[in-house]
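Colleague: Please pick one part of this model, the pockets, and walk me through it slowly. I'm in my first year, and a short explanation of each term would help, along with a look at what else you found.

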Amino acid sequence: TEPQTVLLDKRGRVGWITLNRPRALNALNTELMNDVVGAVAAYDADPGIGVIVITGSEKAFAAGADIKEMQPKTFSEVYTEDFFADWDRLSAARKPIIAAVSGYALGGGCELAMMCDLIIASETAKFGQPEINLGVIPGIGGSQRLTRAVGKAKAMDLILTGRTIGAEEAERSGLVARVVPADRFLDVVGEVADTIASKSLPSVMMAKEVVNRAFETGLAEGVKFERRSFGSLFATEDQTEGMAAFVEKRQPEFRHR
Ligand code: HXC
């Protein structure tokens, strides 16, 4: 069945997922979660795709988990259903996922952006974890990923006060990779995605894997994992081609992209 809450569009080797519940500012309900997770899995398995982009509207990336869906739930339901645990399936994607954030990325919206590998923000972006204002706390990994991204001081500030920060403060804090002028936003996101998609896919996937390993393990183990991964790329035709192209002063023609 066709997804109802997202728009899907393949442009070259980039798989776009546009959150599309405009009347609810892309609030993340169960249906949208299933649509996003399903689309990511399909792009991840598609050999024609090298990079995935998740974006929203100009006004809102996503204004949070759907408060109207959550409101009637009891503890027993939230606990037994493991409400929203399926978002974890995003982490199974092995191709890079770019979060392209314009407007509100609040609560679960900020958490979704942080589950992606790289956040590119429009200068209009606003990030926050306002759950405290609803009598709850972040529930899709925000307390962990925000703290790793920006450190304890800023994470405590945002999560305890519920305040919202703009794109500039988000970049200064290390939450976002780049801030882009609003009128160039989607063009720049497309350029970044095309750039990554033009590289050799095995090296791109391995690069994502080794960077993410830094969040899961100690330094010595991480460095060893990187060195083994680096060595294994010498078994690919694209390493042969990439280094030959440099020596011959020409552009590489990667086979695997
Ligand atoms: C459900 C939402 C929503 C949300 C907005 N809407 N955010 N519906 N869940 N998170 C709906 C509004 O109810 C409204 O619907 C419509 O979208 C437009 O929103 P407005 O509030 O009228 O727009 P505006 O005045 O521009 O204000 C924008 C806003 C505000 C500042 C972003 O909407 C807002 O504060 N939203 C909630 C943000 C939030 O608290 N997020 C955290 C959620 S908790 P109607 O029908 O009235 O037109 C969370 C927990 C994660 O994410 C953990 C889960 C396990």
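**Inside the pockets**

Modeller: The lining of the largest pocket splits into 21 nonpolar, 4 polar and 9 charged residues (Ala, Val, Leu, Ile, Met, Phe, Trp, Tyr, Cys and Pro count as nonpolar, Asp, Glu, Lys and Arg as charged, and the others, Gly among them, as polar). Keep in mind that this is a predicted model, where local features need pLDDT of at least 70, side-chain atom pairs count only at pLDDT 80 or more, and totals for chains, interfaces and linings use all residues. Residues are numbered from 1 along each chain as its sequence is written, and side-chain values use heavy atoms, with hydrogens and water left out.

A pocket here is an open set of points on a 1 Å grid over the protein atoms alone where a 1.4 Å probe fits, with protein on both sides within 12 Å along at least five of seven lines; a lining residue has an atom within 4 Å of a point. The largest pocket has a volume of about 1,100 Å³ (the space filled by probe spheres set on the points, which are joined across faces, edges and corners). It has 34 lining residues, and Met115, Cys116, Asp117, Asn212 and Phe215 are the closest to its centre.

Which elements build that lining, with at least two residues each? They are strand S5 (97-101), helix H4 (108-115), strand S7 (118-122), helix H5 (142-150) and helix H9 (201-213) (DSSP runs numbered from the N terminus, with at least four residues of H or I for a helix and at least two of E for a strand). H9 gives the largest share, 8 residues.

Now hop over to the second largest pocket, at about 630 Å³. Met70, Phe83, Val136, Ile137 and Gly139 are the closest to its centre among its 22 lining residues. Helix H2 (67-70) and H4 each put at least two residues into this lining. Sorted by type, the second lining has 13 nonpolar, 6 polar and 3 charged residues.

S5 also turns up beside another helix: along with S1, strand S2 (14-19) and S3, S5 is included in what covers the buried residues of H1 (contact means heavy atoms within 4.5 Å). Those buried residues include Leu32, Val36, Val40 and Tyr43 (buried is under 20% relative accessible area, exposed over 50%, partly exposed in between, with a 1.4 Å probe and protein chains only). H1 has 16 residues and spans 23 Å from its first C-alpha to its last, close to the expected 22 Å (1.5 Å times one less than the number of residues).

Just past H1 there's a salt bridge (a side-chain nitrogen of Lys or Arg within 4 Å of a carboxyl oxygen of Asp or Glu): aspartate 46 pairs with lysine 10, with 2.7 Å between the closest N and O atoms. Aspartate 46 sits in the loop between helix H1 (30-45) and strand S3 (51-55), and lysine 10 is in strand S1 (residues 6-11), so the pair ties together parts 36 residues apart in sequence. Aspartate 46 is buried at 17%, whereas lysine 10 is exposed at 51%.

Aspartate 9 forms a salt bridge with arginine 11, at 2.8 Å. Here aspartate 9 is partly exposed at 32%, and arginine 11 is partly exposed at 43%. The whole structure has 14 salt bridges.
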